Amino acid sequence: MNVLLTGGMGYIGSHVAVTLLQAGHRVILYDNLRNSEAGILARIAKITGQTPVFIQADIRATKTLTDTLQQHTVEAVLHFAGLKAVGESAQKPVEYYANNVEGTISLMQAMQEAEVRSLVFSSSATVYGEPRYLPLDEAHPLAATNPYGRSKLHIEEMLRDLSISDPLWRVISLRYFNPAGAHESGLLGEKPVAVPNNLMPYMARVATGELKELSVFGNDYPTPDGTGVRDYIHVMDLAEGHMAALFWLAEHPGWHTLNLGTGQGYSVLEMVAAFAKASGRAVPYRIAPRRKGDVAACYADPEKARRELGWQARRDLAEMCASAWKFQKQLQTG
């Protein structure tokens, strides 16, 4: 199958690219390199023995996107392109809506023009907002609490409307929780261009001494140790979930939603302890005020994905931390 990955040079997109290439599929990566780098292409090639096609362009360049879909006879799209930091979204809401929502409208227009109607969308558990119950299943009410989450929710609503308007569309929205870890080779992992917004790469840089300490946002939540609890899922489990969803979609027209998570929540302090153990390094931290838009606890009910896709997360927290540390060491040695 010929598959286009928007944001394909990013953290999740690059790991999905490896998974698809190793399964024998042709991959076209489309990315503006805002939060990634061109060197990812060589790393993918080193792992897989194949260099995927790479188009450097913004997803809002609709004609370029349309031409890419047509020229490469794309059969399905996996949509990862977008901004993704909760805290930053509260400071720059217009930028988030412009990139995420406007970018997806551009993609929808390009796919309609090219007559490509199979789409896997990278959504987020943030669409659920403040949990009314745990674990979160797909029937939980939707009520995002920050601009990032609302951008994902708006996109889901647009894609649902599109699917209803034309029965030829096949769209699945994967609501995943907190991706972490790296490829087992240590060649691919999470390497933000700026200071990391996510916990795992931030801890890795603290462990190496690149950053002084970790800020733990709030220790007065109603959780066992007072810090926020999240469902961390290994990025390779996530990548395998995307491939399973892509091929499940071929037999299931219409609009669908699925959680991709483990069903297990870990607090920030539990994550700090696990990373310190995996790296053999201290991870100094300080308690900071709560961050606007954060919730106390959020973890998945992954049963629907197991039932529908035959998929479930297989890698544990120790593997996430060990692989992330291996990747960080590779960065240090070049």
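Two strands count as paired here if DSSP finds at least two bridges between them. With that criterion in place, I turn to the model, which is a predicted one.

I begin with a small sheet. It is open, has 3 strands in the order S12-S9-S14, and shows mixed pairing. Strand S12, residues 266-267, and strand S14, residues 297-298, stand at the edges; each has a single partner strand, so one side of each is left without a neighbour in the sheet. Between strand S9, which covers residues 229-230, and S12 there are 2 bridges, and these two strands run antiparallel. Within that pairing, Val229 stands opposite Ser267 in S12.

A second pairing involves S5 and S6. These strands are joined by 7 bridges and run parallel. Val120 is found opposite Ile172 in S6. Strand S6 itself is mostly covered, with 6 of its 7 residues buried.

This brings me to helix H6, which packs against both of those strands. The helix comprises 19 residues, 147-165, and at 1.5 Å a residue it should span 27 Å; the end C-alpha atoms are 27 Å apart, which agrees. Among its buried residues are Pro147, Tyr148, Leu153, Ile155, Met158, Leu159 and Leu162. The partners of the buried residues of H6 are helix H4 (86-91), helix H5 (93-114), strand S5 (118-124), strand S6 (170-176) and strand S11 (254-260).

One residue of H6 deserves separate comment, namely Lys152. Which side chain of opposite charge is nearest to Lys152? That side chain is Glu156, 8.5 Å away, and Lys152 is buried yet has no salt bridge. For reference, a salt bridge requires a side-chain nitrogen of Lys or Arg within 4 Å of a carboxyl oxygen of Asp or Glu. Leaving aside residues up to four places away in sequence, Lys152 touches Phe121, Ser122, Ser123, Ser124 and Val127.

Next is helix H7, residues 199-208. Here 10 of the 10 residues are buried, so the helix is largely enclosed by the rest of the structure. The buried set includes Arg205, alongside residues such as Leu199, Met200, Tyr202 and Val206. The elements covering H7 include strand S7 (178-180), strand S8 (214-217), strand S10 (232-234), helix H9 (268-279) and helix H11 (317-333). Directly after H7 comes Gly209, whose phi is positive, near 90°.

In helix H8, residues 235-249, I would draw attention to Met236. Met236 counts as buried because its relative accessibility is 9%, under the 20% limit. The C-alpha atoms of Met236 and Glu184 are 8.7 Å apart in space, although the two residues are 52 residues apart in sequence. Apart from residues up to four places away in sequence, Met236 touches His15, Thr19, Ala182, His183 and Arg315.

Finally, the cysteines. How many disulfides does a search of the whole structure find? The result is 0. Why do Cys298 and Cys321 not form one? Their sulfur atoms are 19 Å apart, which is too far for a bond, given that a disulfide requires two cysteine sulfur atoms within 2.5 Å. For each of these two residues, the other holds the closest cysteine sulfur. Cys298 is buried, with a relative accessible area of 8%, and Cys321 is likewise buried, at 0% relative accessibility.

Key: Residues are numbered from 1 along each chain as its sequence is written. This is a predicted model: local features need pLDDT of at least 70, side-chain atom pairs count only at pLDDT 80 or more; totals for chains, interfaces and linings use all residues. Side-chain values use heavy atoms; hydrogens and water are left out. Buried means under 20% relative accessible area, exposed over 50%, partly exposed in between (1.4 Å probe, protein chains only). Helices (H or I, at least four residues) and strands (E, at least two) are DSSP runs, numbered from the N terminus. The expected span of a helix is 1.5 Å times one less than its number of residues. Contact means heavy atoms within 4.5 Å. Lys and Arg count as positive and Asp and Glu as negative; His and the chain ends are not counted.
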